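Open the model in your viewer and keep the selection tool at hand. Each stop below names what to pick and what is there.

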Amino acid sequence: MTIRYILIILLCASFFAPSITARDGQLERMHTACAQMLDKFDYDGLTKQSAQYIEQANKYGNKRDQAYAYFYAGAAALFTNQVNQAHDYLDRTRKMGAELENDSLMALALNSIGIYEATVNMNMYLAQWYFMESLKHAKRSDYIKLEGSIYGNMCTIAQMQQDTTVIGYARECYQFGIREKNPHVEFLGALHLGEIHHLKAELDSATIYINRAIEVCKKHDFKDIAIAYVELADILFDRKQLAEAERYAEMAIKMAEENSNKMVLANAYDRMARICHEKKLYQESNRWLERELETGETLELVKSQIYELMALNYDAMGNKDEALRCMTRAKELADSTNASDREHMKRERDMSFSIIDQERQLEFNRRQLKNRSIIIGSLIALVFLLGYILWISIRNLHRRNALYKNIVRQQMESIEREKELNSRIKELETTPSLHEEIKQPPIEDEGNDSEVSDISTPSEKSRRIYNEVCRLMEEERLYTDSQLNRESLAQMVGTNKSYLTNIISECSGGMNLSQFINQYRLQEAIRTLSEKQHIDYPLKQLAADLGFGSISTFYKLFQDKVGMSPSAYRKSFIEVVK
């Protein structure tokens, strides 16, 4: 399920302000119109109406209406993928809410910014922090409707991380919707409960709650019923009830196409593709996968899984060439996603710790000013602060350890996935129909430096030489030689050093020779540190065996690539395997 879609539904469930004071009749009508459009998920209409609302609020100089108008404009922009504009509008709402000391506006703004962080920046820690801050303002203003949505938001984020322990949040969200007669929150609560029970393989309970979500949608004529159909099709697929699963997937596709909801449509196409594969309709399965890619709503990791299924379909149809092409593409996407995830986790960790440290410093300053005139009070505050700092430090340490373990798990999964893909590629390459195709012509001597400009087809020869260098690195493990340099490497592949330098830079995305070699050393270091039999391998010896000039160089390059030191990686690996 797409996280942005769920969070936006929860945003819609909480749009009503708890009270609207006397204001100009025209502004009040615009406010009501925007609220109704948001309630009906009419984002095109909301974009136009909120623009008029902003214009009139600015004309009359009514700051409260200006803030609400910016909120509606931000909500519309957020769901129509105008993320920069959404952030600008929502930030204005937050600043004006603080200036007006209006807890309702602050709660709406912070909740929406939390959705932005979760869906655009994918920073779940920061999103959770915004949701908690929003909850404080909602409680202060008795904004009961928004409280239910915030609990739902927190539940959605936990689900995206496959965390089934938040079932209590989902149940509270569902009961809140029933108790407060809020059909949106009731729908989301039922949907969350169905998904969590599905994750826990409790298919009977999952079916009950998803059917309840569908009932609420039909009763209130919600346009987002397609998302419930997709989930029900998934449950029926796991039950091996393929005919019923296909029927609900088709209904989801029909509803999503009618409402131009590409996010849900992509999920529905994916379900149909997997159902067809299970029914051995391989060609039809591939057609659905191609339509899923055409929606443009598919994440890189999901694309990798799409190409894997395509490869299985082609392989079952006997088309080994296409199977190899798709499996190779799946590996490329998986490698790219893993590298992106590591960088994202480093950014998320740094940003989250920075926010926590700022909050800790603000709390310290506030307490220091409050108790300055009273010695006893100051001493009590100091003791409290020391305990608070200790608690923060312990919590940060646990979070850091959790992040490190996630990095290690991702590396281990990446290594296993790479082994599986390489095994599959080798299996396909050994097929007689492909054997001749994958043979590479011999590498020709490029001559000395003065002859570089005389090469007739540099791109073809460059690629062949680069492939030979990669082969030597992977099969001969040349990178373990600490004395390896461009002269010796150029001699091995039959070219000159200047041309070799240009080839590596051109084919590796701009890396120089040192970076290229160190890339292999670091990959081997990660693989070694991710194996139980090498737990006692001395790091200094490992650095020397892999060809690093010094242990300090090894530590620095490993830290830059993985986001943690080799010793920290080993410690986290030991904790994970235990």
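Select Tyr 209 in this predicted model. Its relative accessibility is 22%, so Tyr 209 counts as partly exposed. Now add Tyr 174. Tyr 174 is buried, at 14% relative accessibility. How far apart are the ring centres of Tyr 174 and Tyr 209, and at what angle are their planes? The centres are 5.8 Å apart and the planes are at 85 degrees, so this is an edge-to-face pair. Colour helix H9 (residues 167-179), which holds Tyr 174, and helix H11 (residues 203-220), which holds Tyr 209. The two rings are 35 residues apart in sequence, so the pair ties these parts together.

Next, select Phe 558 and Tyr 569. Their ring centres are 5.8 Å apart with planes at 85 degrees, so this pair too is edge-to-face. Phe 558 sits in helix H25 (residues 551-562) and Tyr 569 in helix H26 (residues 566-577), 11 residues apart. Buried or exposed? Phe 558 is buried, at 0% relative accessibility. Tyr 569 is buried as well, with a relative accessible area of 0%. Extend the selection to Phe 548, Phe 554 and Tyr 555: ring pairs link these with Phe 558 and Tyr 569 into a cluster. Across the model, the count of aromatic pairs is 16.

Two rings have a charge over the face. Pick Tyr 70: Arg 92 lies over its face, 5.0 Å from the ring centre. Then pick Tyr 248, where Arg 247 lies over the face at 4.7 Å from the ring centre.

Move to the core. The largest nonpolar core has 59 residues. Phe 187, Leu 191, Ile 214, Ile 253 and Trp 288 have the most contacts inside it. Show helix H12 (residues 225-238): it gives the largest share of this core, 11 residues. Centre on Trp 288. Beyond four places in sequence, Trp 288 is in contact with Ile 253, Tyr 269, Met 272, Ala 273 and Cys 276. A second, separate core has 46 residues, including Ala 35, Tyr 116, Leu 135 and Ile 150.

Now the cysteines. How many disulfides are there? The count is zero. Select Cys 507 and Cys 470. Cys 470 holds the closest cysteine sulfur to that of Cys 507, but the distance is 8.2 Å, too far for a bond. Cys 507 is buried, with a relative accessible area of 17%. Cys 217 is also buried, at 1%.

Finish by colouring on pLDDT. The mean is 79, and 80% of residues reach 70 or more. Residues 16-23 stay under 50, with 16 contacts beyond four places in sequence. Residues 434-440 are also below 50, with 10 contacts beyond near neighbours in sequence.

Definitions and conventions. Residues numbered from 1 in each chain as written. Predicted model: local features only at pLDDT ≥ 70, side-chain atom pairs only at ≥ 80, totals over all residues. Heavy atoms only, no water. pLDDT = per-residue confidence, 0-100. Contact = heavy atoms within 4.5 Å. Disulfide = S-S within 2.5 Å. Buried < 20%, exposed > 50% of the residue type's maximum accessible area, 1.4 Å probe, protein only. Core = buried A, V, L, I, M, F, W, Y, C linked by side-chain atoms within 4.5 Å. Helix = DSSP H or I, 4+ residues; strand = E, 2+ residues; numbered from the N terminus. Phe/Tyr/Trp six-rings, centres within 6.5 Å; stacked < 30°, edge-to-face > 60°. Lys NZ or Arg CZ within 6 Å of the ring centre and 35° of its normal.
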